[in-house]
Amino acid sequence: MVTGSKKDLVIVGGGIIGLSTAYFALEKGWNVTVIDRITPDGDNCSHGNSGMIVPSHFVPLAAPGVMGQAIRWLKDPESPFSIRPSLSLNMLKWGLSFYLASTKAQVEQAAPLLRDLNLASRDLYIQWAEQGIESGLVKKGLLMLCNSHEMLEEEIALSQQSRDLGVPAQVLTASDIEALDPNVTLQVKGGVYYPKDCHLDPQLLNRSLQSEIEKRGGRFLWQTHVTGWETDSTRIRALATNHGPITADEFVVCGGVWSEELVRSLNIRLPLLAGKGYSLTVPTPIELPTVCSILCEAKVAVTPMGDKLRFGGTMTIGKPDHVIAPEKIRGIVKSVQSYMPRFKPQHFDGISPWVGLRPVTPDGLPYIGKPSNWKNLTVAAGHAMMGLSLGPITGKLTTQLVAGEATAIPGVADRLSPNRYAA
Ligand SMILES: Cc1cc2nc3c(=O)[nH]c(=O)nc-3n(C[C@H](O)[C@H](O)[C@H](O)COP(=O)(O)OP(=O)(O)OC[C@H]3O[C@@H](n4cnc5c(N)ncnc54)[C@H](O)[C@@H]3O)c2cc1C
């Protein structure tokens with residue numbers, strides 16, 4: 001490891017959170033190494049997601065009604081949200097914390113912070129695009145599409161909250177929607193348009209960020225599996241890996257859903273469960289919308305990516321495995337044609353589903369900060385369904401915390417502290 005006046009920083013995890021952290025750490029002039037057990041084009045949750053940047057998403061996953069809905073959906077194997085119950089103590093504790101966090105007061109407290117984080121991240125994505133980081137960024141907004149009056153009423157109420165928070169939102173009739181995106185035939189009652197939202201191609205973004213990081217002097221250690229830590233009383237000396245120990249001045253854990261097990265031996269409690277989801281990318285779609293959308297009742301995200309069209313959805317909370325549940329894939333395919341009638345199940349024939357594991361915290365907010373028992377460790381993980389959207393701002397905040405600076409967004413060290421579930 002290089003020594004001298006420059007800080008040596010090692011980042012565990014080369015997903016969007018690790019890559020964004022590496023980018024901003026290089027801006028500080030540090031020696032940066034990103035370690036990941038996968039290959040450069042290997043798979044993680046940052047690879048096949050829906051690519052949406054979402055200032056519209058100011059409500060965290062832990063919100064009133066979510067637990068009840070999940071329990072009701074347990075009876076429907078094709079439902080978009082489910083919890084795979086298990087008797088493990090970790091899961092029970094996580095479930096209790098999720099239940100306790102799902103209050104109106106918590107949502108009201110989290111909403112302005114999520115708004116600020118998403119808007120700041122959106123600005124950073126725009127700056128990255130201007131600097132030549134290729135991601136296929138499209139600034140055309142997001143449509144929340146409803147095919148029932150009940151859901152439309154809910155979305156209209158949410159759009160009022162959005163405007164109250166300063167995030168623009170327009171209620172649209174079915175014909176307004178048709179005029180906004182004439183490329184696609186829709187069967188909907190109406191919807192809400194969030195003009196600040198954007199979309200991009202996550203695979204293109206990851207590749208561009210990797211080469212930008214290398215161009216700026218960062219290095220990657222791929223196929224390197226972190227197996228433990230070498231420590232003094234309050235400092236980490238080195239990471240233990242399958243290729244031997246790696247020393248540094250500062251360590252950042254960006255291990256997605258695996259962050260909990262990564263830091264367990266350091267006596268850090270970081271509750272995380274996997275929120276398994278799938279995406280299906282149609283290479284030559286029968287219709288190609290220009291605006292990304294969410295099919296609200298079905299909770300399916302529809303994202304144009306160049307000539308392709310990606311459908312992403314479902315959230316099964318449980319242990320981190322990549323086993324595909326065919327009934328969930330059927331659920332996505334079936335729901336699409338009820339909003340987009342020109343799409344038939346046969347248009348999905350032969351398409352291999354992609355599986356991703358969202359790192360889900362019990363209160364729906366990420367962990368960004370320094371665990372209290374270690375002086376040179378920082379954690380950035382647990383972004384659930386907003387990791388792509390919050391990537392750049394997380395990278396910026398994380399490097400500010402490592403540097404001991406005030407954060408660009410106030411309240412982060414407190415509200416997103418990784419110590420909030422400490423025993
Ligand atoms: C279907 C679906 C659609 C989604 N759509 C969106 C969206 O539209 N917008 C949005 O904002 N978010 C979306 N998300 C969520 C988003 O993809 C995640 O929040 C984000 O990718 C998490 O990034 P990460 O860097 O924390 O984790 P990951 O991308 O999982 O990266 C973690 C990395 O750590 C490495 N690692 C872990 N343990 C070790 C170890 N011991 N040694 C070495 N390496 C290790 C892993 O190999 C991995 O590469 C979606 C998710 C899914 C599943």
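Me: How far does a backbone N or O atom of Gly51 lie from an oxygen atom of the ligand?
Reply: This is a predicted model, in which local features need pLDDT of at least 70, side-chain atom pairs count only at pLDDT 80 or more, and totals for chains, interfaces and linings use all residues. Residues are numbered from 1 along each chain as its sequence is written, and side-chain values use heavy atoms, leaving out hydrogens and water. A polar contact is a pair of N or O atoms within 3.5 Å; within protein, one must be able to donate a hydrogen and the other to accept it, and residues adjacent in sequence count only if both atoms are side-chain atoms. For Gly51, the distance from a backbone N or O atom to a ligand oxygen atom is 3.3 Å.

Me: How much of the accessible area of the ligand does the protein cover?
Reply: Asn44 places a polar side-chain atom 3.0 Å from an oxygen atom of the ligand. A polar backbone atom of Ala384 is 2.6 Å from an oxygen atom of the ligand. On its own the ligand has 1,000 Å² of accessible area (Shrake-Rupley method, 1.4 Å probe), and the share covered by the protein is 97%.

Me: How many residues surround the ligand?
Reply: A residue counts as near the ligand if one of its heavy atoms lies within 4 Å of it. The closest are Asp36, Ser46, Met52, Ala384 and Ser389. By class, the shell holds 15 nonpolar residues (Ala, Val, Leu, Ile, Met, Phe, Trp, Tyr, Cys and Pro), 3 charged (Asp, Glu, Lys and Arg) and 16 polar (the others, Gly among them). The number surrounding the ligand is 34.

Me: Which domains each give at least three residues to the shell around the ligand?
Reply: Helices (H or I, at least four residues) and strands (E, at least two) are DSSP runs numbered from the N terminus. At least two shell residues come from each of α1 (16–27), β14 (273–282), β18 (354–360) and α10 (387–403). With bounds from an automatic or database domain assignment, the domains that each supply at least three are domain 1 (8–46 + 204–271 + 364–415) and domain 2 (52–199 + 272–360).

Me: What is the radius of gyration of the protein?
Reply: The protein has 11 helices and 20 strands. The globule rule (2.2 Å times the number of residues to the power 0.38) gives 22 Å for 423 residues, and the protein is close to that, so it is as compact as a globular protein of that length. Taken over C-alpha atoms, the radius of gyration is 21 Å.

Me: Is Asp197 buried or exposed?
Reply: Asp197 sits in the loop between β7 (190–194) and β8 (198–199). Its C-alpha atom is 5.9 Å from that of Pro55, although 142 residues separate Asp197 and Pro55 in sequence. Buried means under 20% relative accessible area, exposed over 50% and partly exposed in between (1.4 Å probe, protein chains only). Because its relative accessibility is 0%, Asp197 counts as buried.

Me: Which residue offers the backbone oxygen that the side chain of Ser335 reaches?
Reply: Ser335 belongs to helix α9 (residues 326–339). With a relative accessible area of 11%, Ser335 is buried. At 2.8 Å, its side chain reaches the backbone oxygen of Ile332.

Me: What is the phi of Thr314?
Reply: Thr314 lies in strand β17 (residues 308–318). Thr314 counts as buried because its relative accessibility is 6%. Its phi is positive in a residue other than glycine, near 70 degrees.
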